[in-house]
Structure formats: C-alpha cells, structure tokens
Protein chains: 2
Amino acid sequence: MPFDTIHEGNLKDYLLSIPNLFPAGADLVIKEIGDGNINFVYHVQDQDSKQSAVVKQAKPYLRSSGKDRKLTTDRIRIESEVMALEGDFCPEQVPKIYHQDLDRSLFVMEDLSDHQIMRKGLIERNRYPYFPEHIGFFMAHTLYKTSDFALDAKLKKEMQARFMNPEMCEITEKLVFTVPYYDDGTTSYTPGAEEQGRALFDDEPLKYEVAALKESFLTKAQALIHGDLHTGSLFVTADSTKAIDQEFSFYGPMGFDVGAVIGNLVLNYAAQEYHSRNEQERNEYRTYLLETIRDVWLVFAREFTRLWEEDNQEITARAEGYKENYLDRLFKDSLGFAGCKMIRRIGRAQVEDFTSIADDNIRAKAERLALRLGKDIILQRHQFQSIEEAVELIEETTPRVS
Amino acid sequence: MPFDTIHEGNLKDYLLSIPNLFPAGADLVIKEIGDGNINFVYHVQDQDSKQSAVVKQAKPYLRSSGKDRKLTTDRIRIESEVMALEGDFCPEQVPKIYHQDLDRSLFVMEDLSDHQIMRKGLIERNRYPYFPEHIGFFMAHTLYKTSDFALDAKLKKEMQARFMNPEMCEITEKLVFTVPYYDDGTTSYTPGAEEQGRALFDDEPLKYEVAALKESFLTKAQALIHGDLHTGSLFVTADSTKAIDQEFSFYGPMGFDVGAVIGNLVLNYAAQEYHSRNEQERNEYRTYLLETIRDVWLVFAREFTRLWEEDNQEITARAEGYKENYLDRLFKDSLGFAGCKMIRRIGRAQVEDFTSIADDNIRAKAERLALRLGKDIILQRHQFQSIEEAVELIEETTPRVS
C-alpha cells in the first residue's frame with residue numbers, strides 16, 4: 001500500500017492523492033496542532049485558496065505515554081463514524097468529515113480554527129449565550145435518537161456491538177471511577193488539596209455512590225454516548241458549538257454526557273473565584289455559569305421530552321408517569337456523573353481551569369471547592385427535585401469552603 | 001459441501017462421517033423428538049452399544065410458523081457456545097457437547113432421556129429436593145462469572161458483542177413485555193380469564209412497572225443470562241438438574257433468569273390447586289413449591305455472595321453496603337421479572353401447567369390466580385425485605401382469588 005505510514009513528511013503528498021479534497025498541486029502547509037495526549041492532529045491549509053482542513057491520526061499507542069502504552073487504532077473508526085452519525089442528527093454541532101481512511105487510522109475533517117476550546121474560553125470569562133440551546137439540542141438528539149425509544153431494538157443492538165469500544169472505556173472506568181477513590185500510590189495532589197483528595201479513600205458513603213455509578217457506566221446501554229463531553233471536547237464561538245473527540249463513544253448511560261457538561265461548568269465555577277479580578281466580576285460570571293448549567297439541563301430536558309412525545313417507537317414508554325420517572329432518573333444520573341467528572345480532576349488528569357492558577361494557595365482552594373461540590377452533588381442528588389435545587393446547593397456550599 | 005442440507009434422511013450418514021462420535025458402521029436409529037416450536041431435535045441411538053446422543057438443528061425460520069417467519073440460525077452458535085461456557089462453570093448442570101457444526105446450524109449433545117422436563121414433573125407433583133441447590137448454584141455461577149465482578153471489563157465487552165442476539169431478544173421483548181399489556185388484536189384468552197387478561201391493557205400502575213422492567217431487559221448488560229430459564233428449559237431427575245435451550249442467551253439483567261425460575265414455580269403453584277386430588281395433597285405440594293421458591297433464592301443469594309466475597313475483581317464493589325444493595329436490587333428485579341414471566345403465560349404462549357387442566361372453569365380460575373399473583377408480585381416487590389415476604393404474599397393472596 002502506498003503511504004504505508006503517514007507522518008508529517010508524507011502527509012502533503014498523501015492528501016494531494018485523495019480526489020476532491022484539495023486542488024491538484026495545491027500548496028499545502030501542514031502544522032501539527034495536537035494538544036491532547038492521545039492522537040496526532042494536523043492543520044492543513046492550501047496557501048492559494050486558503051481552503052483548510054484538519055487531519056486526525058491515531059497511532060497504535062497512547063501518544064503521551066509512548067509506544068509501550070498500546071491503544072487500539074479502532075478509536076479512529078469509532079470517532080469518525082460517530083461524528084458522521086451525530087452529524088446526521090445535528091449537522092450544526094459537529095465538524096464535517098471530508099475523508100476517512102481506516103487503513104491508515106486517520107480521517108480528515110472540517111477546520112474549526114475560528115472556534116476556541118470552550119475550557120479556554122471559560123477561563124477567559126467569555127460568555128456563550130447560545131451554548132445551552134446548542135448543547136442541550138445536541139445531547140437530546142444524539143442520545144434520544146440512538147436509544148431504544150427511537151431505534152428498532154435489533155438495529156440498536158447492531159450499533160451497540162459496532163461501538164463496543166472496550167479499550168477506551170477502560171480508560172474512563174479506571175480514571176473516573178476507580179483511581180480517585182482507591183489509593184494505588186500513583187496520585188499526586190496539589191499541595192493544599194492533598195488532605196481532601198486522600199480523604200476520598202476512606203469516604204465510604206461516597207464510595208458507595210460511586211460504585212453504583214460505575215456499575216451504570218459498565219452495564220447501562222441506553223444510548224450511543226459521546227463518552228468524553230467535557231469543555232475540552234467542545235469548540236465554541238459566540239454563536240457556534242461543535243463537539244469533537246468522539247473516540248470514547250459507546251453505548252452507555254445518557255447521564256454520563258449530560259453530567260460531563262454540567263460537571264465541567266461547575267469545575268470552572270470553582271476555579272473562577274480566582275480567575276476573576278474582583279468580587280463583582282466573579283459573582284457575575286458565576287451567576288452566568290450557574291444560569292448556563294440550569295439552562296443546559298432545561299433545554300436538554302425540553303428537547304428530549306419533545307422528541308419522546310413526537311415519536312417514541314417503544315410502546316411501553318407510554319405508561320402513565322414513566323416519561324417523568326425516566327427523566328427524573330436521568331437527571332439524578334447526570335448529577336452523579338457530573339460529580340464524578342469533577343472529582344477525577346483533583347489529583348490526576350488536572351484541567352487547565354486549575355493548572356492556569358499561578359498561586360498555589362488559591363489553586364488548592366479552588367480544587368478543594370471543586371472536590372466538595374462534586375462530593376455534595378453526588379451525595380445529595382437523590383433529594384433534588386429540580387436543577388434549581390442543585391444550583392442552590394452550589395451557591396450555598398461555596399462560602400463554606402475555606 | 002457434502003451433507004449440504006441435513007434432514008432425517010441423511011442425518012445417519014452425516015453422524016457416521018464425524019470422527020469419534022459413533023463407532024464406524026454403527027446401527028443408528030434416529031427419532032425426531034422436538035416438541036418446541038423453534039428447532040428440530042433428533043434422538044440418535046446406536047442399537048449395538050446403546051450409546052446415544054441428541055442433535056439440535058436450526059432452520060432459518062421459526063419451526064412452528066413455517067418458512068415465512070425468518071429467524072437467524074446464529075441461534076445455534078449462541079446456544080452451543082453458551083452451553084459450553086456454562087459447562088465450564090457448572091459441568092453438572094448442562095448437557096455435554098460432543099460436536100458443533102455451524103455451517104449446518106447444528107450441534108450434537110448429551111442425551112438426557114433419563115431426565116424429564118421439569119414442567120411435566122411439577123404437573124405430576126414430583127419433588128426435587130436438590131433442585132434449589134442445583135439451580136441456585138447454576139445461576140449464581142453463570143451470572144456472577146460472566147459479570148463485571150469476575151471478568152476483565154474488556155473481555156466482558158467482547159463477550160457482550162459476541163452474544164448480542166438481537167433476533168431472539170426481540171421475541172422476548174415482544175411476547176414478555178409488550179403483547180400482554182397492549183392490545184394488538186391477536187391475543188385470545190381462556191374463557192373465564194379474558195376479563196382479567198384484557199384488564200391489563202388499562203392497568204396503568206402495572207404498565208408503569210413493566211415499562212421499567214422492559215427498559216432493564218433492553219439496556220442492563222449485567223451478565224450472560226440464559227434468557228429463557230423456565231421449567232420447560234430444565235431437565236430434571238430426583239437428583240440431577242440440567243439447563244438446556246440457551247438460544248435466547250445474551251448480556252442482560254441477572255434477575256431475568258432468577259425471575260424465570262421463580263415465576264414458573266409460582267405458575268405451577270397456581271395450577272396445582274386443580275391438579276392435586278384433594279385439599280391436603282394440594283396444600284402439601286404448594287408448601288413444597290413455596291419452600292422451593294424460597295430456597296432457590298436463598299441458595300442463589302448465598303452462592304452469589306460467596307463468589308463475590310471470594311473473588312471480586314471490581315475494586316469499587318468493596319464499598320460498604322454496596323454488596324447488600326446490589327443483592328437487594330437483584331432480588332427486586334428477579335421478582336419483577338418473575339411476575340412478567342407469569343403474566344405472559346395468560347393469553348398467548350400458554351404453558352402445559354394450564355393447558356393440561358381439562359375443566360375450563362378450573363383452568364380459568366388457575367389462570368386468574370396466576371395473573372393476580374404475577375401482578376401483585378410486580379407491584380409490591382419494592383416493599384419486600386426478604387423472599388419470605390414474597391412467599392407470604394402468595395399465601396395470603398391465594399384464598400382471595402375466586
């Protein structure tokens with residue numbers, strides 16, 4: 001096979017060999033832009049037409065850990081297929097795919113250089129007034145339309161087998177649900193948050209809840225979930241939202257996606273205390289974040305309900321009260337996963353919301369707040385009747401953490 | 001391929017062509033013994049050595065409905081592979097497999113002619129004192145050992161994909177969870193049980209519970225379940241129990257198997273009122289059945305707990321109280337599915353426990369009792385703390401149904 005191994009050196013020739021991608025003989029400039037720790041990502045631009053694209057390539061190992069940490073390249077198939085599928089449901093919310101080459105473990109997609117990673121945007125205190133509508137719509141449509149409510153049960157099971165994704169799931173299973181709660185000797189904490197981080201090892205009520213949430217992640221095949229929908233997997237502008245990095249996608253609990261969005265907004269909420277220059281600015285941005293959290297859930301629930309009412313293939317779902325009960329369970333799942341997604345960022349797998357805080361004391365305080373909020377959300381979610389009550393908990397807990 | 005299509009006419013030559021199955025030139029006598037509505041089953045015996053075996057063959061359609069009702073022959077792969085796997089865990093509780101031929105959609109297994117189908121044995125009021133130990137052990141081992149508690153998560157997901165079994169699941173989804181509750185115009189009832197059967201169409205509290213149970217069946221991939229473990233899938237003698245007919249097997253909720261056993265014992269309990277010759281005999285056999293139900297659960301829970309405590313790979317399962325909570329949920333799932341398995345036998349898919357009752361009035365009363373018990377078990381299970389309370393409900397409800 002020509003272009004046996006694609007690398008920066010032969011990528012240009014490879015791309016020019018693909019019909020209908022770039023004009024013949026285009027003057028392509030290629031730049032490696034991958035900031036993740038898993039794959040290689042290249043930005044490609046034709047200097048004449050200014051037409052551009054992004055190439056994402058998987059190697060059979062985890063980029064950040066070198067060749068010894070094997071990782072299936074099947075993740076590229078899953079990512080590109082899920083992205084295409086989500087594009088059918090929500091064309092505005094995912095990059096377009098131009099080309100897929102599974103033999104070479106790569107695909108070529110729309111260039112989103114005019115967008116910003118949402119996590120960075122939140123650190124800069126940007127506001128995204130359309131974000132709740134966009135992400136609520138995206139989650140409702142991708143989750144509902146791949147569930148047993150929308151799909152024939154046989155087709156759903158075929159898709160479930162096609163996106164089983166054991167190796168990527170294993171990463172989440174370990175890092176989100178296990179490592180923060182069971183001392184394997186590898187976790188190091190920000191000085192000042194260590195006591196709180198290590199206290200999780202003995203927090204039996206929390207570990208009990210997390211065990212049940214992990215059980216859901218392992219067994220609850222509700223929908224084809226994104227599987228890694230944190231603010232680092234979202235590209236945004238003032239009026240656009242795009243979900244990327246679908247490589248963790250599999251049939252799992254819907255609440256894991258909703259919780260990822262909510263949890264990462266709360267993480268930023270915790271960190272903003274220190275990013276914001278003064279109390280008024282901080283309070284205002286926090287209010288914005290809490291409104292965003294509320295609206296994300298409300299839009300999601302509204303759209304999900306609308307889809308259910310418009311077209312639910314599952315006749316048993318018509319039973320009186322079942323829809324309300326389903327949404328209530330989904331709400332509590334979402335909050336539980338939100339808490340897990342927050343807690344896993346204390347210790348290992350730090351996020352820029354915290355690492356960008358230069359002052360260690362302030363950073364530690366932000367992490368302590370995030371950890372406390374994550375924990376309280378997990379433990380108290382069973383009592384919540386509405387998203388407003390969760391938001392209230394966040395507001396009331398904040399001044400109590402010193 | 002020689003023996004392109006296997007049928008009664010060429011089966012003898014086919015079997016003799018298989019090395020190490022029967023002696024060369026053996027005088028084989030073949031008898032079709034399939035009483036199910038899905039497959040063809042042949043009993044084969046060498047007239048000289050008396051050595052015997054059973055051949056199970058799938059056609060690409062449902063036997064009882066003719067060639068127009070297509071059904072995947074992949075069910076033979078699933079049945080023989082699951083039987084072999086269960087044989088590794090519980091060699092005493094499944095037939096031995098002698099030969100598998102997926103090209104011809106058949107396999108050859110141990111002849112269990114010395115055993116009796118348990119449903120028939122219960123109708124004859126036979127007693128099986130070892131049955132709770134056998135079936136409790138079988139369910140605990142097959143369910144626990146294929147779950148995330150015993151298997152590496154990646155291996156579990158591979159097995160889940162291998163046994164996705166969409167076509168067979170669809171039959172259960174429709175017949176157990178949908179048809180009894182939603183009038184599709186196809187259900188006919190025993191005269192005298194029609195009113196009660198049709199009342200299910202408007203029983204919203206019950207439909208609400210059944211919707212949630214169907215959701216579990218569709219989404220809860222806990223273990224490789226048998227999937228059809230009623231008393232017609234169990235071969236018994238006074239001191240032996242063998243599970244057959246694994247063609248419905250897939251990764252589903254554990255409680256579906258436990259519930260199938262319990263529910264079918266309760267069905268027989270309902271029918272025994274009329275099979276038994278006098279009140280004392282009836283009461284004694286009923287007491288035996290209720291003790292059996294209790295012991296099936298207790299042995300299952302004891303063995304499941306023992307396996308969990310001896311070797312649980314899932315570290316999060318160590319959280320305080322989680323094991324007890326898991327077993328409690330499994331208990332309530334089992335009772336819910338038990339009720340569904342009972343109710344689905346009223347109307348369509350009748351079982352011999354009822355069809356063998358010659359007197360229509362008596363048969364209708366038996367069916368009304370079964371339906372009432374199934375319904376009460378589903379609705380009241382959330383309150384039960386122990387199997388004894390479920391047994392008590394059955395005892396208390398019985399005289400109230402006239």
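1. Glu204(A) is partly exposed, because its relative accessible area is 22%, a value that lies between the under 20% of a buried residue and the over 50% of an exposed one. The model in which this residue sits is a predicted one, and every value in this note should be read with that in mind. Glu204(A) forms a salt bridge with Lys207(A), in which the closest N and O atoms are 3.7 Å apart. Lys207(A), in contrast to its partner, is buried, with a relative accessible area of 7%. The two residues stand three places apart in helix H8 of chain A, so about one helical turn separates them. An α-helix has 3.6 residues a turn, so residues three or four places apart point the same way.

2. How far apart should the ends of helix H8 of chain A be, if its 16 residues rise at 1.5 Å a residue? The expected span of this helix, which covers residues 204–219, is 22 Å, and its end C-alpha atoms are indeed 22 Å apart, so expectation and model agree. H8(A) is also mostly covered, since 12 of its 16 residues are buried. Among the buried residues of H8(A) are Leu206(A), Val210(A), Leu213(A) and Phe217(A), but charged side chains including Lys214(A) and Glu215(A) are on the list as well.

3. The contact between the two chains takes 39 residues from chain A and 39 residues from chain B. About 3,600 Å² of area is buried between chain A and chain B, and carbon and sulfur atoms give 60% of this area. On the side of chain A, the residues that lose the most area to chain B are Lys157(A), Tyr208(A) and Glu215(A), which together make up 17% of what that side buries.

4. Polar and charged pairs also cross this interface. Between chain A and chain B the rule finds eight salt bridges, and it finds 18 residue pairs in polar contact, with both residues at pLDDT 80 or more. Which elements of chain A give two or more residues to the side that touches chain B? They are helix H5 (153–162), helix H6 (166–177), H8 and helix H11 (322–343) of chain A. The largest share of that side, nine residues, comes from H8(A). Sorted by class, the side of chain A that touches chain B has 16 nonpolar, seven polar and 16 charged residues.

5. Two residues of chain B illustrate the contact in more detail. Glu215(B) forms a salt bridge with Arg329(A), with the closest N and O atoms 2.8 Å apart. Thr219(B) has its place in helix H8 (residues 204–219) of chain B, and it counts as buried because its relative accessible area is 9%. Apart from neighbours within four places in sequence, Thr219(B) is in contact with Asp148(A), Lys156(A), Thr219(A), Lys220(A), Ala221(A) and Gln222(A).

6. Is Lys56(A) buried or exposed? Lys56(A) counts as buried, because its relative accessibility is 3%, and it lies in strand S3 (residues 52–57) of chain A. Its side chain is joined to that of Glu247(A) by a polar contact of 3.3 Å. Leaving out residues up to four places away in sequence, the residues that Lys56(A) touches include Phe40(A), Ile76(A), Phe107(A), Met109(A) and Asp245(A).

7. The search of the whole structure finds 63 salt bridges over all chains, and some of them deserve a separate look. Lys323(A) and Glu309(A) meet in one, at 2.5 Å from N to O, and this pair links distant parts of the chain, with Lys323(A) in helix H11 and Glu309(A) in helix H10 (residues 279–310) of chain A, 14 residues apart. Lys323(A) is buried, with a relative accessible area of 16%, whereas Glu309(A) counts as exposed at 53%. In chain B, Glu81(B) forms a salt bridge with Arg77(B), the closest N and O atoms being 3.3 Å apart, and both residues lie in helix H2 (residues 74–89), four residues apart, or about one turn of the helix.

8. A last point concerns the backbone. Asn20(A) has a positive phi of about 65 degrees although it is not a glycine, and its place is in the loop between helix H1 (8–16) and strand S1 (28–32) of chain A. Asn20(A) is exposed, with a relative accessible area of 80%. In chain B, phi of Asn20(B) is likewise positive, near 65 degrees, and Asn20(B) counts as exposed at 82% relative accessibility.

Methods
Residues numbered from 1 in each chain as written. Chains lettered and ligands numbered in written order. Predicted model: local features only at pLDDT ≥ 70, side-chain atom pairs only at ≥ 80, totals over all residues. Heavy atoms only, no water. Buried < 20%, exposed > 50% of the residue type's maximum accessible area, 1.4 Å probe, protein only. Polar contact = N/O pair within 3.5 Å; in protein donor to acceptor, adjacent residues only side chain to side chain. Contact = heavy atoms within 4.5 Å. Expected span 1.5 Å × (residues − 1). Buried area = accessible area lost by both parts, 1.4 Å probe. Salt bridge = Lys/Arg side-chain N within 4 Å of Asp/Glu carboxyl O.
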